[in-house]
Amino acid sequence: MIHFALFGDYERTPDLKRFAEGIQQEMEEHGFKRVSTEFPQLQLVLNFVDPNRPKPFRRKGNGTFVVSITEVDEPVSDTLKTGYPILIRSLGNLMIFIDRSRPVSSTHFITLEQGCYAVSRPEDDDRYFQEVFERLRPLATSRLVINNIFHPDLPEDLWEGDETSESISRAGKKLDEMNLLPAPFPIQELLPPREFRHIKRLYGIGGLSYGNLSARRDKNEFWMSASGVNKGNLRRIGKDILLVKGYDEDQSAMELSVPSNIKPNRVSVDAIEHWMIYNEHPEVGAIVHIHAWMEGVPSTEINYPCGTVQLAEAVAGLIREAEDPSRAVIGLKNHGLTITGRDLDDIFERIEGKIIPQVPMS
């Protein structure tokens, strides 16, 4: 059973109260159970926030997902530009942004990956809350794998990297040249120091940075870009590039081999996805994930969050079905692309001139 809670002033307006009652009823009809915010196995929190003074829900563990819900009654020229800072300030994983400035209100979902897509049905449609629920379900039922276990056992002759890690550094510069690396989002500039420390403690991030790269080093070990760093300037082993050597399923954590003389950064949240692909397909030598698109590619059907087992399994399943898994291009709905190759050069040769920077939202 999935346990959820309501937080914030969801009775601030009659419309917001009606929304809270409607989505609660829909979730309960699907077997979800409402509990208090102090419940120890809380999986989902619906946090109703004032857009001018968004109050975060301070989750106690990174296994709790938060959906920030807000409404505005002033005209909005750019939903993403208006809503995204509210999402960050409220420490949400996802935002429901309700625009009531027009005669017919509209509902939009905003993601941490800077995606923005609308609910197709108006609020007076009997199936409106069903559609909203279906877009929330992937978040509520997902399991994050973002914890890292650091082993300070990286051989000293790898502290400066090797040819494979150098290829990742070159590939990061190439992505930058192709304008495929949105700038790391400076969450510390939007959050008060106390909330920034809280989210950094939970997730070990210092900013939101999009896209990642990896390359197999030996058997199932692979070098991968770190979380929250500039992918166009990957230089330091243990800080910008890390060696992934395993996955501890019991602790739901990636195992990393790092130099013994540094405090390492965390590896990219998509490491579990790369791990599954390398494990199953020995012929895959490199993987690139970008927030861009290509025409005619197979795509996941459900918008699972980054760093979850469910997204990793969905992508791995589509790669398994590809004509050549070692050279697959897979779309992630409302998100971007995961591309496999024999090596990183192979990937860039195949995507050159075919990339569409804007990911289609649906």
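E123 sits in the loop between β7 (116–118) and α3. This is a place in a predicted model. With a relative accessible area of 24%, E123 counts as partly exposed. Setting aside neighbours within four places in sequence, E123 is in contact with F19, I98, R100, S105, T107 and Y128. One of these contacts, R100, also appears with E123 in a network of salt bridges, together with D15, R18 and E71.

From E123, step back to strand β4. This strand covers residues 65–72 and holds T70. Is T70 buried or exposed? T70 is buried, because its relative accessible area is 0%, and buried means under 20%. Beyond residues up to four places away in sequence, T70 touches V49, D50 and P51. T70 also touches M95, I96, F97 and I98. I98 is in contact with E123 as well.

Now the charged pairs. Side chains of opposite charge can pair when their charged atoms come close. The whole structure contains 21 salt bridges. Three of them can be followed one by one.

Start in helix α3, residues 128–140, where both E131 and R135 lie. The two are 4 residues apart, about one turn of the helix. Their side chains form a salt bridge, at 3.7 Å from N to O. E131 is buried, since its relative accessible area is 14% and the limit for buried is under 20%.

The next bridge spans more sequence. D162 and R217 meet through their side chains at 3.1 Å, N to O. Which parts of the chain does this pair link? The parts are distant: D162 is in the loop between β8 (147–151) and α4 (163–177), while R217 is in strand β9, residues 212–218. The two residues are 55 residues apart. R217 is partly exposed, with a relative accessible area of 34%.

The third bridge joins the side chains of R236 and D240, at 3.2 Å from N to O. The partners fall into two classes of accessibility. R236 is partly exposed at 41% relative accessibility. D240 is buried, at 4%.

Turn next to the nonpolar interior. The largest nonpolar core has 60 residues. Which of its members touch the most others? They are I168, L175, W223, I290, L337, L344 and I355. Helix α8, residues 309–321, gives the most to this core, with 7 residues. Another core lies apart from it. That one has 30 residues, among them F4, L16, F32 and V119.

I290 shows how the 60-residue core is knitted across the sequence. Neighbours within four places aside, I290 is in contact with L175, L180 and G336. I290 also contacts L337, I339 and I355. Among these partners, L175, L337 and I355 are themselves on the list of residues that touch the most other members.

Helix α8 has a packing partner too. Two packed helices are described by the angle between their axes and the distance between the axes. Helix α7, residues 271–280, packs with α8 at an angle of about 35°. Their axes are 8 Å apart. The crossing is right-handed. On the α7 side, the contact is made by I272, E273, M276, I277 and E280. On the α8 side, the residues are V309, L311, A312, E313, V315, A316, I319 and R320. How do the residues of the contact of α7 with α8 divide? They are 9 nonpolar, no polar and 4 charged.

M276 of α7 also gives a link back to the starting point. E123 and M276 are 153 residues apart in sequence. In space, they are 40 Å apart, C-alpha to C-alpha.

Two backbone details remain. K219 has phi near 50°, a positive value in a residue other than glycine. K219 lies in the loop between β9 and β10 (221–225). N334 also has a positive phi, of about 55°, although N334 is not a glycine. The place of N334 is the loop between β14 (329–332) and β15 (336–341). Which of the terms, buried or exposed, fits each residue? K219 is exposed, because its relative accessible area is 69% and exposed means over 50%. N334 is buried, because its relative accessibility is 2%, which is under 20%.

Technical notes. Residues are numbered from 1 along each chain as its sequence is written. This is a predicted model: local features need pLDDT of at least 70, side-chain atom pairs count only at pLDDT 80 or more; totals for chains, interfaces and linings use all residues. Side-chain values use heavy atoms; hydrogens and water are left out. A nonpolar core is a set of buried Ala, Val, Leu, Ile, Met, Phe, Trp, Tyr and Cys residues joined through side-chain atoms within 4.5 Å. Buried means under 20% relative accessible area, exposed over 50%, partly exposed in between (1.4 Å probe, protein chains only). Contact means heavy atoms within 4.5 Å. A salt bridge is a side-chain nitrogen of Lys or Arg within 4 Å of a carboxyl oxygen of Asp or Glu. Axes are lines fitted to C-alpha atoms, for helices over the stretch in contact, and angles run from 0 to 180 degrees between N-to-C directions. A crossing is left-handed if the near helix is turned anticlockwise from the far one by less than a right angle, and right-handed if clockwise. Ala, Val, Leu, Ile, Met, Phe, Trp, Tyr, Cys and Pro count as nonpolar, Asp, Glu, Lys and Arg as charged, and the others, Gly among them, as polar.
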